[in-house]
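Please look over the sequence and the model below, and then follow the text from one part of the fold to the next.

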Amino acid sequence: MISNKYLLTFVLAVLLLTGQLHAQKAIIDSSIAMAMQQASATQLKTDITYLADDKLQGRMPGTEGFKQAADYVISQLKGYGVQPAGEKGSWLQQVKLRKAFISPNAQVSLVNGGGGNILAYGTEVTISPSPAETMGSVNAPLVFAGYGITNAGQKYDDYAGLDVKGKAVMIIRGAPTGFPSSEASHSMDQVTIQKNAAAHGAVAVVFATIDSSRRFISNLNRPLYSVIDDKGKVAVSGSFFSTQIKMVATLNYAKTTQLLADAEMDLAKVLASLKTGTPQSKDLECTIKSNYQSTHQDVNSFNVVGKVTGSDALLKNEYVVHSAHLDHLGIGRPVEGDSLYNGAHDNASGVSSLLQIANIYSQVKVKPKRSILFAAVTGEELGELGSGYFAVHPPVPVKSIVADVNTDMPTIIAPLLSVTALGAEHSSLAKVVDEAAAYLDLIVEPDPEPKENRFVRSDQYSFVKQGIPALHIKYGSRTPDGKNNLNELVGKWRAKYYHKPQDDINGMFDFDAGAKYARLNFLIGYLVANNTAKPEWNKGDIFEVK
């Protein structure tokens with residue numbers, strides 16, 4: 001028999017636990033909880049099936065298939081009571097994509113005291129075509145600038161004591177092992193590197209190949225995509241060009257090692273030192289010269305933008321964005337006899353999740369204080385171009401956007417038991433994620449795959465670069481059997497399906513996990529939209545707007 005003393009202790013413990021759970025669930029009222037149940041696994045499957053259908057031809061921007069996908073999204077948003085929020089009262093924000101090609105007569109040479117050496121284009125060197133200019137040339141001393149990073153917070157600077165004004169810098173893409181994963185990803189981003197080089201006075205950037213097994217591919221027939229604004233200027237580019245940066249090139253492994261050896265530097269030792277956080281910058285005592293031409297083709301595309309108006313008289317003029325990319329790869333290289341890249345997971349599943357968030361809002365009678373923007377964007381696969389343009393030129397004032405919650409390939413292939421919130425650790429959004437995840441009995445974990453650099457590889461990064469707190473929810477490691485090795489299954493899935501024609505509706509799916517994922521993203525956005533305080537960057541964070 002249990003004594004009264006122990007019984008009382010047990011009852012108090014139960015009451016305490018019940019009180020804690022009640023407090024935990026009190027972050028939303030019962031009407032919002034009921035609305036969240038509207039997210040439907042069945043409808044999610046229906047949406048993915050349509051968006052990944054063969055008739056949409058892989059949703060390449062500028063194609064009829066992409067337009068059909070957009071029409072479907074607009075139709076669904078209308079059905080959920082969402083209002084158009086694009087240009088001139090429409091659902092669309094026009095995004096003009098420019099394809100830039102390098103002409104075959106490009107020439108690059110290295111000149112030192114012993115004479116010149118013309119490099120074989122396509123096997124020893126490539127140049128990124130310019131989206132802004134048709135003619136380009138460089139004649140500048142070449143300096144090795146390590147990772148090309150300047151990061152005061154990490155007390156690391158490859159440019160310390162190095163004069164690169166009017167010079168070309170050779171860069172190895174990477175970051176010291178001591179950098180946090182998302183900070184490392186940002187630091188090694190191509191555009192970040194080029195902007196930092198320009199800030200130090202460089203006129204060209206040469207990326208070094210450090211993997212001897214990496215196949216060096218000519219880019220003569222491969223375009224570089226950018227976005228051109230209504231004045232014909234480059235608004236967003238996958239390769240940063242300014243009036244100062246005249247050339248962005250890549251050297252093969254043999255030329256990289258040769259240049260370093262000529263400067264009495266050993267590549268393996270250089271890499272080891274850089275990894276430990278010790279800069280290895282040095283004048284290479286040679287000059288790089290180049291002449292090249294670029295040609296341009298423009299393609300018309302667009303973002304789909306909808307709105308749910310907030311309920312507060314003042315805060316309704318501020319916005320939380322839910323974004324997901326609508327495009328995929330179209331028709332390309334055949335794999336196992338199939339050349340149509342359906343993109344069921346990437347990113348029909350993300351767009352379908354976006355639609356289920358709208359579905360939830362259709363059941364919310366009293367909208368949150370702030371307004372909600374739904375953005376199904378173009379050109380993510382081409383370099384986050386649609387979101388990049390949206391973040392720079394949104395259809396609402398830039399300063400009125402307080403946060404972005406992005407959805408890209410949630411990889412719904414198993415029950416959703418834990419998540420990682422890429423980018424949330426940089427701002428007060430981390431606390432919001434913790435609250436929302438706890439409500440849904442989800443564990444929040446660190447990024448299980450930091451080496452994948454996922455933080456900079458999707459559309460949330462476009463908002464971060466504009467000073468807007470943003471995040472991207474991905475799967476965690478938890479599994480129902482307790483082995484907590486979901487990343488192993490994801491790795492196998494990625495090898496078979498990612499960016500392959502096999503990513504269609506017949507692949508691996510857990511649609512219930514997809515519905516739960518939509519509820520989580522809804523709740524994160526709702527909590528931000530209903531809180532009078534804006535999300536803030538952590539004090540001293542690398543992305544904090546000064």
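Which residue in the turn of the hairpin formed by strand 16 and strand 17 has a positive phi? In this predicted model, that residue is Glu 336, whose phi is about 55°, and the hairpin leaves two residues between its two strands. Strand 16 covers residues 330-335 and strand 17 covers residues 338-341, and the two run antiparallel, joined by three bridges. One point at which the pairing can be followed is Ile 331, whose bridge partner in strand 17 is Leu 340.

A parallel arrangement is found around strand 19, which spans residues 401-406. On one hand, five bridges join strand 19 to strand 15 (residues 319-325), and these two strands run parallel; within this pairing, Ser 323 stands opposite Asn 406 of strand 19. On the other hand, three bridges join strand 19 to strand 22 (residues 470-475), again in a parallel sense, and here Asp 404 has Ala 470 of strand 22 as its bridge partner. Six of the six residues of strand 19 are buried, so the strand is largely enclosed by the rest of the structure.

The helices can be approached through helix 3, which packs against helix 9 and against helix 4. Helix 3 (residues 41-51) meets helix 9 (residues 344-361) at an angle of about 135°, with the two axes 9 Å apart. Angles over 145 degrees would count as roughly antiparallel, and helix 3 and helix 9 are therefore oblique to each other, the crossing being right-handed. Helix 3 contributes Gln 43, Leu 44, Asp 47, Ile 48 and Leu 51 to this contact, while helix 9 contributes Ala 344, Ala 348, Ser 349, Val 351, Ser 352, Ser 353, Leu 355 and Gln 356. Sorted by class, the residues of this contact comprise seven nonpolar, five polar and one charged.

The packing of helix 3 with helix 4 (residues 64-79) has an angle of about 155° and an axis separation of 10 Å, and helix 3 and helix 4 are therefore roughly antiparallel to each other. In this contact Gln 43, Thr 46, Asp 47, Tyr 50 and Leu 51 of helix 3 meet Gln 68, Ala 69, Tyr 72 and Gln 76 of helix 4, a set made up of four nonpolar, four polar and one charged residues. Gln 43, Asp 47 and Leu 51 of helix 3 take part in the contact with helix 9 and also in the contact with helix 4. An α-helix has 3.6 residues a turn, so residues three or four places apart point the same way.

Burial can also be followed in other helices. Helix 10 (residues 385-392) is mostly covered, seven of its eight residues being buried, and these are Leu 385, Gly 386, Ser 387, Gly 388, Tyr 389, Phe 390 and Ala 391. His 186 lies in helix 5, which spans residues 181-187, and with a relative accessible area of 14% His 186 is buried. Beyond its neighbours within four places in sequence, His 186 is in contact with Thr 192, Val 456, Tyr 461, Ile 542 and Phe 543.

Asp 441, by contrast, counts as exposed, with a relative accessibility of 58%. Asp 441 is placed in the loop between helix 11 (429-439) and strand 21 (443-444), and its C-alpha lies 35 Å from that of Val 396, the two residues being 45 residues apart in sequence.

Note on methods. Residues numbered from 1 in each chain as written. Predicted model: local features only at pLDDT ≥ 70, side-chain atom pairs only at ≥ 80, totals over all residues. Heavy atoms only, no water. Axes fitted to C-alpha atoms, helices over the stretch in contact; angles between N-to-C directions. Helix = DSSP H or I, 4+ residues; strand = E, 2+ residues; numbered from the N terminus. Parallel < 35°, antiparallel > 145°, perpendicular 65-115°, else oblique. Left-handed = near helix turned anticlockwise from the far one by under 90°. Contact = heavy atoms within 4.5 Å. Nonpolar A, V, L, I, M, F, W, Y, C, P; charged D, E, K, R; others polar. Buried < 20%, exposed > 50% of the residue type's maximum accessible area, 1.4 Å probe, protein only. Pairing = 2+ DSSP bridges.
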